[in-house]
Amino acid sequence: MNVKIADLEFEPLLSAEVIQTRVKEIAAKINTDYKDKTPIFVGVLNGCFMFMADLVKNITVPCETAFTKLSSYHGSTTSTRHIQNDLDLLIDISNRHIILVEDIVDTGNTLDYLVALLQSRGPASITVCALLLKPDAVEFSIEELKHVGFQIANEFVVGYGLDYMELGRNLNGIYKRVSA
Ligand code: 5GP
Ligand code: MG
Ligand code: MG
């Protein structure tokens with residue numbers, strides 16, 4: 001069923017069931033890769049919160065969780081280049097294995113900034129796990145991007161943590177904007 005969020009209409013793209021199945025597959029791969037490494041999952045707020053929660057519920061190796069907050073969109077449906085660091089990562093990551101958890105990689109600008117910032121703090125390793133990737137929008141090559149849930153077209157999406165004007169984060173599936 002389509003949903004109306006503020007002034008825009010959205011149609012179903014990925015159901016809650018499809019998302020949960022894929023999240024479990026990603027978790028299984030991480031469980032194998034990070035045996036004996038006690039990784040720190042670092043969620044990038046706000047968009048990551050549902051994905052991060054569902055992902056770590058399926059992690060069986062010892063792990064820590066932490067959050068940082070960046071913003072780049074400021075209420076519109078197109079990316080801005082200015083990244084605001086709203087909440088720095090407040091833990092020591094030196095010699096630790098970091099798994100960055102992102103909702104979506106669009107241009108890659110946000111991740112490029114964040115990976116460089118965290119690399120400067122001397123972690124043992126950094127990999128990135130993103131639920132969504134828009135391959136046609138990516139402008140930065142991010143070699144740390146190891147796990148991608150779904151590749152999607154260059155369309156604006158909401159739900160499962162992602163917002164339009166701060167609305168729609170609570171939807172349990174992902175919806176794409178109906179083209180006018
Ligand atoms: P990037 O820096 O990769 O261009 O954009 C990253 C951030 O922009 C994402 O973490 C997300 O917050 C926001 N963003 C990018 N594409 C979308 C989209 O289709 N829908 C929503 N709701 N946010 C998006
Ligand atoms: Mg994000
Ligand atoms: Mg947003």
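The legends below accompany close-up views of a predicted model.

**View 1. The largest nonpolar core of the predicted model, with the residues that have the most contacts inside it.** This core has 43 residues, and those with the most contacts within it are Phe51, Ile99, Leu100, Val101 and Ala130. Strand E7, which covers residues 125-133, supplies the largest share of the core, namely seven residues. Isoleucine 99 touches Ile30, Pro39, Phe41, Val42, Thr127 and Cys129, when residues up to four places away in sequence are not counted. As a general background to such a view, nonpolar side chains in soluble globular proteins tend to be buried together.

**View 2. Alanine 130 and its contacts, seen from its place in strand E7.** Alanine 130 counts as buried because 24 other C-beta atoms lie within 10 Å, where 20 or more are needed for a residue to be called buried. Leaving aside neighbours within four places in sequence, alanine 130 is in contact with Glu102, Ile104, Val105, Leu145, Val148 and Gly149. One of these contacts, valine 148, stands 18 residues away from alanine 130 along the chain, yet the C-alpha atoms of the two are separated by 5.0 Å.

**View 3. The shell of 19 residues around ligand 1.** Among these residues, Asp106, Thr107, Asn109, Thr110 and Leu162 come nearest to the ligand. The elements that give two or more residues to the shell are strand E6 (97-105), helix H3 (109-119) and strand E9 (157-158), and E6 gives the most, with four residues. Sorted by class, the shell around ligand 1 is made up of eight nonpolar, seven polar and four charged residues.

**View 4. Helix H3 and the strands against which its buried residues pack.** The buried residues of H3 are Thr110, Leu111, Leu114 and Val115. These residues lie on the same side of H3, because they cover an arc of only 120° around the axis. In an α-helix there are 3.6 residues a turn, so residues three or four places apart point the same way. The packing partners of the buried residues of H3 are strand E3 (40-45), strand E4 (64-71), E6 and E7. Thr110 therefore appears in two of these views, since it is buried in H3 and is also among the residues that come nearest to ligand 1, with the buried set of H3 placed on the same side of the helix.

**View 5. An open sheet of four strands with antiparallel pairing.** The strands follow the order E1-E2-E10-E9, and the edge strands are E1 (3-5) and E9, each of which pairs on one side only. E1 and strand E2 (residues 8-14) pair in the antiparallel sense over three bridges, and the bridge partner of lysine 4 is glutamate 9 in E2.

**View 6. Backbone details in three loops, at asparagine 46, asparagine 95 and methionine 165.** The peptide bond from leucine 45 to asparagine 46 is cis, with omega near 0°, and asparagine 46 lies in the loop between E3 and helix H2 (49-57). Asparagine 95, in the loop between strand E5 (84-87) and E6, has a phi near 60°, which is a positive value in a residue other than glycine. Asparagine 95 is exposed, with 9 other C-beta atoms within 10 Å. Methionine 165, in the loop between E9 and strand E10 (174-177), likewise has a positive phi, near 50°, but counts as partly exposed because it has 15 C-beta neighbours inside 10 Å.

Definitions and conventions
Residues are numbered from 1 along each chain as its sequence is written. Chains are lettered from A and ligands numbered from 1 in the order in which they are written. This is a predicted model: local features need pLDDT of at least 70, side-chain atom pairs count only at pLDDT 80 or more; totals for chains, interfaces and linings use all residues. A nonpolar core is a set of buried Ala, Val, Leu, Ile, Met, Phe, Trp, Tyr and Cys residues joined through C-beta atoms within 7 Å. A residue is buried if 20 or more other C-beta atoms lie within 10 Å of its own, exposed if 12 or fewer, and partly exposed in between; C-beta atoms are placed from the backbone. Two residues are in contact if their C-beta atoms, placed from the backbone, lie within 7 Å. A residue is near a molecule or strand if its C-beta atom, placed from the backbone, lies within 6 Å of it. Ala, Val, Leu, Ile, Met, Phe, Trp, Tyr, Cys and Pro count as nonpolar, Asp, Glu, Lys and Arg as charged, and the others, Gly among them, as polar. The arc is that of the directions from the helix axis to the C-beta atoms. Two strands pair if DSSP finds at least two bridges between them.
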